[in-house]
Amino acid sequence: MSESERKDSPEQAEFRVHCRDWLRENHPGEPSVRLPQSAIEIMTEPQLHWLQAWQKAAYDAGLVGCDYPEAVGGGGRTDCQRVANEEMQAARTPFLPNVIGLGMAAPTLFYHAQEPLKERLLPRLLSGEDIWCQGFSEPGAGSDLASVQTFAERRGDRWVINGHKVWTSLAHFAEWMILLLRTDKSHKYDGLSYFVVPIRSALGKGVTVRPLIKITGETGFNEVIFEDLEVDDSYRLDELGKGWQVAMTTLLHERGGGELVTPRSGGLTAKTSFSPTARNLRTLAQETPRGDGTAADDPLLRDRIVHQFIREEALQQNQRRSRVPALQDHPMRLQLQYKLLISELAQDTARLGLEVAGPASTLYLADEHAPAGGQWPLAYMNSYGMTIAAGTSEIQRNILGERVLGLAKSK
Amino acid sequence: MTQPTNFGFGDECALLKDSARKFFAEHLPVDRLHALVAAKPDAEAVSDAAWREDLWPAMVELGWTALAIPESAGGLGLPAVAVAGLLEEHGRAAFPGPLAATLATSYVLAAADGGTAALEEIAAGRSATLAFASAAGSWDPGDTAVTAKGGRLSGTACYVQEPRKAERLLVAARDEAGLGLYWLARDAAGVALAPDTIVDLTRDQGRITFDEAVAEPVAGNGHAAFHAAMPALWMLLAADMVGAGEWQLQTTVEYAQTRKQFDRPLGFFQAVKHQLVDVMTRVDESKSLLYNAACALDHEPEKARQLAHMAKASASAMAAFASGRSVQCHGGIGFTWECYLHLYFKRQKHSEVLWGDGAWHRARLADMLLGEVA
């Protein structure tokens, strides 16, 4: 029995048994399609549909959204999502596709939307039937997010939206978007407001979604253009001019620091999945000829591969320690480091993979001789998505320096 | 066996850590530490090994020296995570004294078949240290240059920690049976101490030459005892380095909050801010690996060696980084003797190489994780 099980409340203990029983009977098994490395890289309808079926099944069984009230489609439980997440991880399930909906839109709606809007939108969000996307970044507003220019002009009870959002993952499948925009051009922060807007039903009627092609050659994210899109005032979250505060709720949950635990499954070790881990690095080194032996015999590479094993273990142990208040100096200190550390770790491991592979690292996806099917150069290039998206590593260091260390703000 | 998710760090451990922090802060805050060990700036000075010997009875009374000693030998038998917490505070205070050396000795004795009598002496308040390294700086006790014949020791042990502060010696010596452990008083007849002059002002080190010194044999295989105890020794040092690293971080952060240049506090500038964040993440990684290793010593001993290698490798790299950045980010004042930073800088450099530097630990890990090279 694990430590977390020992501390289960009666409700959690009973729920844990339920999760375990259900997962034993209902694990979806080996996927029928080749899955991407994460939800934001879902590219095809078959991938999406397979993953949506998994989320719907887990939702219907009460494993997703269980801490939300029943009135908004949740399970009405107390602190049980944590339990479901642990059991889904332990059962090595696929990831949930509606990742932006669950991790960012749902808590934002929960804390800032009017009841009727929550009751209308949250059930289909939690079940994964409605995919959500996030409209924050713009061509002129990246790290300096508060400088967004997308504008909503008031016409009675309606708003007319014009603007341009970029890096919008999942927009090509999304029914809904959380949208940070400007309702007042004279105040930078207090001129921002926050809306939810329908995307799919407005395609060609004020909304255009165009894929952006990454340096890898893959699609995955989009630009979204609003041209005179009319929405009702009831789609506004919180008060006019409070958009920045609402966005902070979104970002807090995105960075893992929110009150509501995000539903998370994962751990599936499909034959078709790949990620740049120290174990995969070891396999690559042991399979790569070098001199009379393999790359795993090279003393310099050995030292560097071991570094990656140590960093991976440290990150796991950071996660473990973040739940032990007696071993922390600041409540947010470890949580706020996670995104920075995991993205730089993956990048460094992938880069080392290229060095280990040597000349064969030049071979890409369609080359039959490419080590691991060309996944190493793909992972290395994709790693820059992780160190740039959701606050660049530089912004993460600013946040850590200012919020945790209390250093003067760099703006 | 599986590990508890909270590292087994319960209320008792938290209380011990907290009281240690208060003890060090009350009895030897950094200004008094500096006055004690760095009173006379002199690059050519011979180390005088100053410490607060008067505090030792209180530390014994608090049970600190008996933490790792089994209850059967008169100790407290507390988990390794409790020791980690204590040593973290010890490092934060850069405390000079034989506490770490004594705890290290108790780990080796506890791993030997016949260590009970010596452990009882430590539990009763005797300080102790290990004599096992060769002049070449090997931390493999099998390379010891000390031999034993009929219970009499001859030869020289180098890089002995805290020799002027420890009352007892546990010596690794080659004898008729292979490698044996021997226990004797540091001031016994035939024991000659030559203190090293070292960079670290908070520690003491020396070489000890034995000339037919009579010692008590400790029953058991010396190789096996040292081998079993080394992960705990690496954990002790990693804990001291993590505590010292946190002090370096917090002290430099305070300076960056108050010192102004170009009309702004230093911490406003990202070139400074980002370095301090990198120090923080390194300290945190090392701290998490430290408690992971300590918890494994308590709950999953078959994994403890690998995880302790990781903890010491990480802590050594962190200590080098935090030391360098703390001085650099202070600018000119950080380069002076009057600023307290140098005490920690020097202590960290000492800890970095003691009982295996980062590269040595990573080489051992490479053999474990990638297989040995034929």
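Which residue in β5(B) does Arg168(B) stand opposite? In this predicted model, the residue facing Arg168(B) is Ala185(B). The pair belongs to two strands of chain B, β4(B) and β5(B), joined by 8 bridges. Strand β5 covers residues 178–185, and the two strands run antiparallel. They form a hairpin, with 2 residues between them.

Strand β4 of chain B spans residues 168–175. It also pairs with strand β1, residues 128–131 of chain B. Here 4 bridges make the connection, and the strands run parallel. Within this pairing, Thr129(B) stands opposite Leu169(B) of β4(B). Thus β4(B) has a parallel partner in β1 and an antiparallel partner in β5(B). How many of the 8 residues of β4 in chain B are buried? The count is 6, so the strand is largely enclosed by the rest of the structure. In a regular strand, side chains alternate between the two faces of the sheet.

Two annotated domains were examined in chain A. UniProt, in an unreviewed entry, places the feature "domain: Acyl-CoA dehydrogenase/oxidase N-terminal" at residues 10–129 of chain A. Over this range the chain is 57% helix and 0% strand. The C-alpha atoms at its ends are 32 Å apart. The unreviewed entry also places "domain: Acyl-CoA oxidase/dehydrogenase middle" at residues 133–228 of chain A. That range is 0% helix and 46% strand. Its end C-alpha atoms are 20 Å apart.

Residue 228 closes the annotated middle domain of chain A. Asp228(A) is found in strand β7, residues 221–232 of chain A. Its backbone has a positive phi of about 55°, although Asp228(A) is not a glycine. Is Asp228(A) buried or exposed? Asp228(A) has 10 other C-beta atoms within 10 Å. The limit for an exposed residue is 12 or fewer, so Asp228(A) is exposed.

A positive phi, near 55°, is also found at Trp355(B), again a residue other than glycine. Where is Trp355(B) found? Trp355(B) lies in the loop between α10 and α11 of chain B. These helices span residues 341–353 and 358–370. Trp355(B) has 21 other C-beta atoms within 10 Å. A residue with 20 or more counts as buried, so Trp355(B) is buried. Asp228(A), in contrast, is exposed.

Terms used
Residues are numbered from 1 along each chain as its sequence is written. Chains are lettered from A and ligands numbered from 1 in the order in which they are written. This is a predicted model: local features need pLDDT of at least 70, side-chain atom pairs count only at pLDDT 80 or more; totals for chains, interfaces and linings use all residues. UniProt positions are given in the numbering used here, feature names are shortened, and annotations may be inferred rather than shown by experiment. Two strands pair if DSSP finds at least two bridges between them.
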